[in-house]
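Reader: I am a first-year student, and I should be grateful for a close look at how helices pack against one another in this structure.

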Amino acid sequence: MDFTTKPSYYQVGGSLGTNAPNYVKRQADDDFYNGLKAGEFCYVLNSRQMGKSSLQVRTIQRLRDEGIACAAIDISEIGNRSVTPEQWYAGLLRILENNFNLSDVVNVRTWWRDRNFLSPVQRLSEFIETVLLANISSNIVIFIDEIDSILALDFPADDFLALIRSCYNKRANNPEFDRLTWALLGVASPADLCRDKNLSSSTPFNIGRAIELTGFDETEAQPLAAGLAELTDQSGEVLKEVLYWTGGQPFLTQKLCKLLFENAPPACQGGEQDRIQNPQAWVEEVVRLKIVDNWESQDVPEHLSTIRDRLFKENQRIVRRLGLYQQILQKVEIVPDRSAEQMELRLTGLIVKRREKLTISNPIYQAVFNKNLIAQKLEKLSPYSEAIKVWLNSNCEDNSQLLRGDNLHSALVWASDKSLRNEDFQFLTASQRMIFSDQNQLLQAATLETKKAARDAETALIEADAAKHKAQQWIGIGSAVLAASLIGAIGFSTLAYQRFKLAQASIEIEQNGSDALLLAVSQKTDNSQALSEALLRAIASGEKLKTLVNNKPNLEQYPATRPLLALQIILDKISKKQQIKASSLPHLVKWQAHAGAVTSVSFSPDRQILATAGIDDQVRIWNFSGSKIAEWKALQQSVNMVSFSPDGKFLATAGKDGTVKFWNLSGKNISSFQAIKGSVTSISFSPDDKFLAAAGIDSNAAILPLSKQPKVISSIVKLPGHNGLVRSVNFSPKGDFVTTLDGKSTVRIWNLSGQLEKILPVQAIGISFSPAKQQYRFATVTFNGKVGLWNLSEKELMNEFQTLHFDAKSISFSPDGERLATVGIDKTVRLWNLAGRQVAQFEFEENVVSVGWSRDGKQIAVAGSNGTVWLRQVEGLAELLKQSCNFLGSKPEYFRRVSTICKQSNY
């Protein structure tokens, strides 16, 4: 194709001038102008190069023509990284001074310095009220462009957004604020900009007007036809083809028109405009040669590269984001739901909402970011790309492709911090189910328990036979000796027989509990009757177990535990179906505690309260109903851990900035100090409140002596020799030694002088001490879910068992030492007795970050990765039976049957 270059009518990139002939007016122009003129807060949040800046230029000109004073602030000019709140807000104030020519009215530097007793945002607020509104008599509109740059700040800008909201709230009491309004423009969603999701009353977005900025349609784009008219009499047809290829995307539309104008076929240069016989083929060839082919070298100014960078940006949602885009490429109907991955895709510009479904913006994007490219990227991302491809092509029936052993373990490690596609979830779940599916997990565990009980029974029978044989051997011996020997033999035989009967009963109870659970989790139990039948079976086995253990409190000695697990899981399933009255529900309280992940949760040792901390740098105290009692900002960049002191009188927080701070329960800072270099990841009080241990990144850990205030009173004791990150540090229950767990999964034991006493022969991911003094032991868990129980005095392994986690993250003892809580990446918390039998399983909607036990061990608090906290009741056998009997007893069709089973317990 022989192209020659000519001057262009079009402009590619940058803001169009106020009188540019190629400016395309859209519905958004009038919506934006009319909204701001009426005093509404308006925001234009969209992908890059959609014409936001040109829209702002035009709107400012129209408003100024109406006598409205306007200021345009490109907020990215103030800077982001390493800029302090003081500098950032002062920068805003300086720009306002310059835009509104206020230098003759006020010396900004002096004005700002004279009010350094106020917070930066309060100073800006006062400037707006006492200087800006006092000296500008007309209506005022402040435009904030590139608002997404606040996401790169080292501090949250929620206060700035709250300031905008406050300007509208003040209108009720101060009419001067009726003259002021704001406009925000940028590449972000409101959810991105508001880091603290709890401050719904402070965000301006729920009172503002969203301006929808769409691509050009054929009617709107007619000004662009003027440039094409120099080339052909069919400019309308050419423009129609241009819009087909660009989807009306402003940057691409201007660029393609410019390419057509500059590279017109020679036949058009001598005035023979009608020589373009096939506009469709001509436009398609220019698109192919000048945009799509070798696009990286032709992407000037950058457009497709910007989209590529946002599409392939490495974060935890990359797999799900690419998977969603892949589905849209495959023409799967996706309904917009404003999920994080959908909003990320929409902000790339690749997809748009049309007729209430998501679709590719235009054929150019589809050609550049095509199916093959996305498939190749996904293959590079996942360690199981070939296996999942074959598995999906077999309609998910080729189980030979499912992962096992080390391959599954590696895949789960890779997936642990990512938001996956549905296909990935299905594949990994199916792989896990091959080993421990919902049914096979329980069946295999039950089989193991049954075999164990059978072995016990077999041993008991052998012992009974031996006792009988021993008694027969003594026949013929003298009567006195015979009598004594028979008494001993019969006693031994009786004991063996009792053990046999106990083992036999345990097998039956365990099997019946497993049957009930299998019925409940099977794929054919979506109806309430099936769940009720499963619950009835679980009650029957639970009642038998109750009789067998005779209310013995020691959970470790239970000969069977499957009825507890069955009762709890079935009740939870029924609860989710909302079939239980509120009074009968397993007690669960849920609330949004933080914006972003909850990093830590801690129960008070002496009150019915708990504390939480999050990446939002907030500390909050709650009662057990989820009502907030107190909150404060820690000013530690992010709070990695919060912990009550042993006496419950104050809190300690571990900060990303390397500090540890002590607070009273009202949020007053008692003291603070630089604990270690780098972020503090873990802290632990000694039982007597005399020491605090701290650990963090860069191989740092130390023991700090405390006074009663509390304050650090002498030099710290360093614990050297770690490999990189130190995950956790813990005092023993007696406070006589400290354990550290580093990033290489090494557990070290230290005395209080900082001397290394022992390195445990285990690669652990979590460690927890039993608070029960009579037990004197601690537990570790490895990444593949193996739990080890250790003797506290000798630091020797006593017992170990395998959990159902192939991806464990942490372990925690209950206060009575009877249960262990384990956490994995599967959003599930499992409880175990110390014999390794599972007694409960709680599933949550978010990844679980941490778990804490209430002081009485009857509740656990679960911290979620998206800011949610759950407070969950932990029921014993008697409580579970009572709930179950009450529920089925309230159903007429089950009343008689359940009454017979439950009557002996008087529920």
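Author: The following account treats two helix pairs in turn. The model is predicted, so to speak of local features requires pLDDT of at least 70, side-chain atom pairs count only at pLDDT 80 or more, and totals for chains, interfaces and linings use all residues. Residues are numbered from 1 along each chain as its sequence is written, and side-chain values use heavy atoms, with hydrogens and water left out.

Helix α23 spans residues 528–549 and helix α24 residues 562–576; their axes come within 9 Å and cross at roughly 150°. Helices here are DSSP runs (H or I, at least four residues), numbered from the N terminus. Axes are lines fitted to C-alpha atoms over the stretch in contact, with angles from 0 to 180 degrees between N-to-C directions. The two helices α23 and α24 are therefore roughly antiparallel, a term for angles over 145 degrees. Their crossing is left-handed, that is, the near helix is turned anticlockwise from the far one by less than a right angle. Among the α23 residues in contact (heavy atoms within 4.5 Å) are Leu531, Leu535 and Ile539, and the α24 side includes Leu567, Ile570 and Lys573. This contact comprises 13 nonpolar residues, two polar and one charged.

Helices α9 (residues 235–246) and α10 (residues 250–262) pack at about 135°, with axes 9 Å apart. That angle makes α9 oblique to α10. The crossing of this pair is right-handed. Val238, Val242, Leu243, Trp245 and Thr246 of α9 meet Leu252, Thr253, Leu256, Cys257 and Leu260 of α10. Eight of these residues are nonpolar, two are polar and none is charged.

Key: Parallel < 35°, antiparallel > 145°, perpendicular 65-115°, else oblique. Nonpolar A, V, L, I, M, F, W, Y, C, P; charged D, E, K, R; others polar.
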